Amino acid sequence: MRDILLRDIWYFAAFASDIKAGKMQRIFICGDPIVLGRTKKGDVFALRDVCPHRAAMLSTGRQVEEEDGSTSVECPYHGWRMGVRTGGCKHIPALVEDSKFEYQRLGAPAYPVAEVKGTIWIYMPEDPKRFDGKPALPPPSLANAVCDAPKMTVVAQAEGPYDETVIGLVDPAHTTFVHQQWFWRRPKDAKEKIKHYEPSSLGFRMKAHPPSTNARAYKLIGGALTTEIEFALPGLRYETIRNEKHTILSFTAITPHEEGHSSINHMVFWDMPLLSVVKPFIYPLAVRFLRQDGKILSEQNENLKRFDHKMKYVEDADRLAGWYMQTKQAYRQAREQDQPFVSPIEEATLRWRT
Ligand code: FES
Ligand SMILES: [Fe+2]
């Protein structure tokens, strides 16, 4: 089963604090090799990590300042220099002084990058080599993030098809079994749930409601709580928890790296001093939570890799999986027809037991 990945959309690439000034690293998104770096002045950039000359990795080269004050990446093989903003070639050291060779026409494709509240996003064009530099949509704004950068981050690796990893994010029925912990619900406590959904700009949203009485973790926060959960393409989940005074955004972004390999990037933004105090206690729990997802996905993948299987989607508990596939399909269609994307999901009430 080969992944069909959305293009012309933004993917979470890294936490801003991991990309230091003057440094570069090689990453993969949707299978594309990318050198992700930050100039000494602090600007992030992303270029295809393949030198246009003879394919060396730009990420193992170095950054150099050009006379005009801009920054280039110098290839470690023969020293070609590519400007970080457009990827255009700025210099070929082996050319003689009076050479007429138009090196400016060569270069490494540049990917749009955005830094938003301590996170770095890369826009993956349909064809980076033919891209006009204009993204089809703005990067995620993380509007409900109430602080400048996440206060807690956890990353887990996941093996398996990208779609399955994303479905694991929206699937309500696995939580009772995969995430059995003292602070969360247990299977025997399962209750019937009624949830109201509406379309959102890049997917669908579970309308704000008081959290379930069998989700013990919420009791720590106190006050008149509401939670609102939104799913957005390509694989983003926003859970906003509010009481009268405070907002917590628990945000997860799943990024496909290479075929069959994704990362689950979880981060929490808050403005509640109490959470900062208890962070040392909740952090290991969050790590365990994500590893539980990673483990079940790898086990599922063992089977998917080796045996044919037709997935079953049963009633409302599996409805969101279908909605995700439908939303993704609609996005691809909108891009193919060069039309604005409109979520195909309609308002609905779903019922399940968790
Ligand atoms: S391969 Fe990069 S300069 Fe030759
Ligand atoms: Fe999970």
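# A walk through a predicted two-domain chain

In the hairpin that joins β6 to β7, six residues lie between the strands, and Gly-79 among them adopts a positive phi near 75 degrees. The model in which this turn appears is a predicted one. The two strands of the hairpin are antiparallel and are held together by three bridges, β7 covering residues 81-83. One pair in this ladder is Glu-74 with Arg-81 of β7.

On its other flank in sequence, β6 (residues 71-74) is joined by four bridges to β5 (residues 62-65), again in the antiparallel sense. Gln-63 finds its bridge partner in Val-73 of β6. Five residues separate the strands of this hairpin, and Gly-69 has a positive phi near 90 degrees.

A further piece of sheet is formed by β2, β3 and β4. These three strands make an open sheet in the order β2-β3-β4, with antiparallel pairing. The edges are β2 and β4 (44-48), each of which pairs on one side only. From one strand to the next, the twist averages 30 degrees. Between β2 and β3 (residues 32-38) there are six bridges, and Met-24 is partnered there with Gly-37 of β3. As a general point, side chains in a regular strand alternate between the two faces of the sheet.

The wider plan of the chain can now be set out. The domain assignment divides the chain into domain 1 (9-130) and domain 2 (152-353). The centres of the two domains, taken over C-alpha atoms, are 34 Å apart. Their contact involves eight residues of domain 1 and 10 residues of domain 2. On the domain 1 side, β1 (9-15) and β2 (24-29) each contribute at least two residues, and β1 contributes the most, with four. By character, the residues on this side of the contact comprise seven nonpolar, one polar and no charged.

Strand β1 also has a prominent place in the interior. The largest nonpolar core has 68 residues, of which Ala-13, Ala-46, Leu-47 and Ile-122 touch the most other members. The largest share of this core comes from β1, with six residues. Each of the two domains, domain 1 (9-130) and domain 2 (152-353), supplies at least three residues to the core. What surrounds Leu-47 beyond its neighbours within four places in sequence? Its contacts are Val-35, Leu-58, Val-73, Met-82, Val-84, Gly-87, Ala-108, Pro-109 and Ala-110. Val-73, one of these contacts, is the residue already met as the bridge partner of Gln-63.

In domain 2, attention turns to helix α1. Why is helix α1 (residues 162-170) described as largely enclosed by the rest of the structure? Seven of its nine residues are buried, so the helix is largely enclosed. The buried residues are Tyr-162, Asp-163, Glu-164, Thr-165, Val-166, Ile-167 and Gly-168. They pack against the strands β11 (152-159), β16 (247-258) and β17 (261-270), and against the helices α3 (273-306) and α4 (319-336).

Strand β12 pairs with two other strands, β18 and β13. Six bridges connect β12 (residues 192-200) with β18 (residues 348-353) in an antiparallel arrangement, and Lys-195 is matched there with Leu-350. The pairing of β12 with β13 (residues 203-209) is also antiparallel and has four bridges, one of the pairs being Pro-199 with Phe-204 of β13. These two strands form a hairpin with two residues between them.

Some backbone details remain. Most residues other than glycine have a negative phi, and most peptide bonds are trans. Against that background, the peptide bond from Leu-233 to Pro-234 is cis, with omega near 0 degrees. Pro-234 lies in the loop between β14 (226-232) and β15 (236-242). Leu-142 has a positive phi, near 50 degrees, and belongs to the loop between β10 (119-124) and β11. Asp-338 likewise has a positive phi, near 55 degrees, in the loop between α4 and β18. How do the surroundings of these residues classify them? Leu-142 counts as partly exposed because 19 C-beta neighbours lie inside 10 Å, whereas Asp-338, with 7 such neighbours, counts as exposed.

Notes: Residues numbered from 1 in each chain as written. Chains lettered and ligands numbered in written order. Predicted model: local features only at pLDDT ≥ 70, side-chain atom pairs only at ≥ 80, totals over all residues. Pairing = 2+ DSSP bridges. Domains from an automatic or database assignment. Contact = placed C-beta atoms within 7 Å. Nonpolar A, V, L, I, M, F, W, Y, C, P; charged D, E, K, R; others polar. Axes fitted to C-alpha atoms, helices over the stretch in contact; angles between N-to-C directions. Buried ≥ 20, exposed ≤ 12 C-beta atoms within 10 Å, placed from the backbone. Core = buried A, V, L, I, M, F, W, Y, C linked by C-beta atoms within 7 Å.
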